[in-house]
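Let's walk through this structure together, one sheet and one packing contact at a time. Keep the view open beside you as you read.

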Amino acid sequence: MPMKAAVLHTLGKPPRFEEFPDPKPSPGEVIVHVKAASLKNIDKMLASGSHYDSHRELPGGSRPPYGMMAERTVVSRAWCLPIPDEVDDVTAAALPNPALSSWLSLVWRAQIKRGETVLVLGATGVAGKLAVQIAKHLGTGRVVAAGRNEEVLKTLNDLGADATIHLNQPDKELTEAFIREAGHKPFDVILDYLWGHPTEVLLDALTGHDLKAESTRTRLVEIGEIAGPTISLPAAALRSSGLELYGSGGGSIPHSAIFDAFPQIWTLAASGKLRIDIEPAPLADVENLWQRQDSPGRRFVIIPSPIAK
């Protein structure tokens, strides 16, 4: 019997709300009746073919040809994890991807220590806002949040940011802002959701100037590439600073680290210590939601069943 699903026919085009064959599990798999599924940047990148892990042949999905934006799907039993009763369905759908991005980058990649200073580059997105909160929960001494959306940037002090930097300013002023904040206490860890030009400006600020970078170990963890897929990296950026470059993604993090992180993230969520802005929407609207650009810092969560009025 067919079900309703978001069906992707062509890379680079939005999925369509259509009927799709019901999933049939293989050994070691279970059928999941989906209550909520988040719509993330990585979903759009995978579907456009621009992500390094994109499927080059359709159909694609968590286990081809199925995905989570459907009434039912099929998953490996090994990836089924308990969720506290205090965490509602839409939060449970919205939280894992953006929360894991900063948790794993801070704990696994950067091996953050209590009292260290963290710069979040791209702090006005969903993941960046959670990164500010998670960095504070992990005991960092100072969190500097840099972002492009002015309205969201104004809210980050309430989430734990000790200082903010507006990225939409000329390069000279932006460089000076980075130097000024690093002068309070050098950045120990940088979580970079942007890459591209903002990262180049940041690296220029960390290279030479009046900072005593030779005595500081700065771990830059590249997570996203919203501002561009490449940067120009001068050799002096590595020779004149304590800069260390890391990446954090599906190919660089072991499954054991992911399973270790989940209980701690759920505990914070269950106690109300993580705030995430969510906009639920029906599965039938997936094609329009896919193309919307008007919800900065907010996660769309798709509900397969009709949403109560």
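In this predicted model, three strands make up an open sheet with mixed pairing, ordered S4-S13-S12. Its edges are held by strand S4 (37-39) and strand S12 (277-282); each has a single partner strand, so one side of each is left without a neighbour in the sheet. On average, and with direction ignored, neighbouring strands here are turned by 35 degrees against each other. If you zoom in on S4, you will see that its pairing with strand S13 (residues 298-303) is antiparallel and runs over three bridges. Ala37 is a good place to look, as it stands opposite Ile302 in S13.

Now turn to the other open sheet, where six strands follow the order S8-S7-S6-S9-S10-S11 with parallel pairing. Here the edge positions belong to strand S8 (163-166) and strand S11 (243-247), each of which has a single partner strand, so one side of each lacks a neighbour in the sheet. Neighbouring strands in this sheet are turned against each other by 15 degrees on average, direction ignored. Within the sheet, strand S6 (residues 117-121) pairs in the parallel sense with strand S7 (residues 142-147) over five bridges, and Val118 has Val143 in S7 as its bridge partner.

Next come the helices on this sheet. H4 lies across S6, S7 and strand S9 (189-192), and its direction is at about 175 degrees to S7. Helix H6 (residues 171-184) also packs on the sheet, where it touches S6, S7 and S8 and makes an angle of about 165 degrees with the direction of S8.

H4 has a helical neighbour too. The axes of helix H3 (residues 96-109) and helix H4 (residues 126-137) come within 8 Å and cross at roughly 45 degrees, which means that H3 is oblique to H4. The crossing is right-handed. On the H3 side, the contact involves Pro98, Ala99, Ser101, Ser102, Trp103 and Leu106, which meet Val126, Ala127, Leu130, Ala131, Ile134 and Ala135 of H4. By type, the residues of this contact are 10 nonpolar, two polar and no charged.

Finally, look for the aromatic rings: the whole structure has three aromatic pairs. In one of them, Trp79 and Phe259 have ring centres 5.0 Å apart and planes at 35 degrees, so the pair is tilted. This pair links distant parts of the chain, 180 residues apart: Trp79 sits in the loop between strand S5 (72-76) and helix H2 (89-94), while Phe259 belongs to helix H9 (residues 255-270).

Methods:
Residues numbered from 1 in each chain as written. Predicted model: local features only at pLDDT ≥ 70, side-chain atom pairs only at ≥ 80, totals over all residues. Heavy atoms only, no water. Axes fitted to C-alpha atoms, helices over the stretch in contact; angles between N-to-C directions. Helix = DSSP H or I, 4+ residues; strand = E, 2+ residues; numbered from the N terminus. Parallel < 35°, antiparallel > 145°, perpendicular 65-115°, else oblique. Left-handed = near helix turned anticlockwise from the far one by under 90°. Contact = heavy atoms within 4.5 Å. Nonpolar A, V, L, I, M, F, W, Y, C, P; charged D, E, K, R; others polar. Pairing = 2+ DSSP bridges. Phe/Tyr/Trp six-rings, centres within 6.5 Å; stacked < 30°, edge-to-face > 60°.
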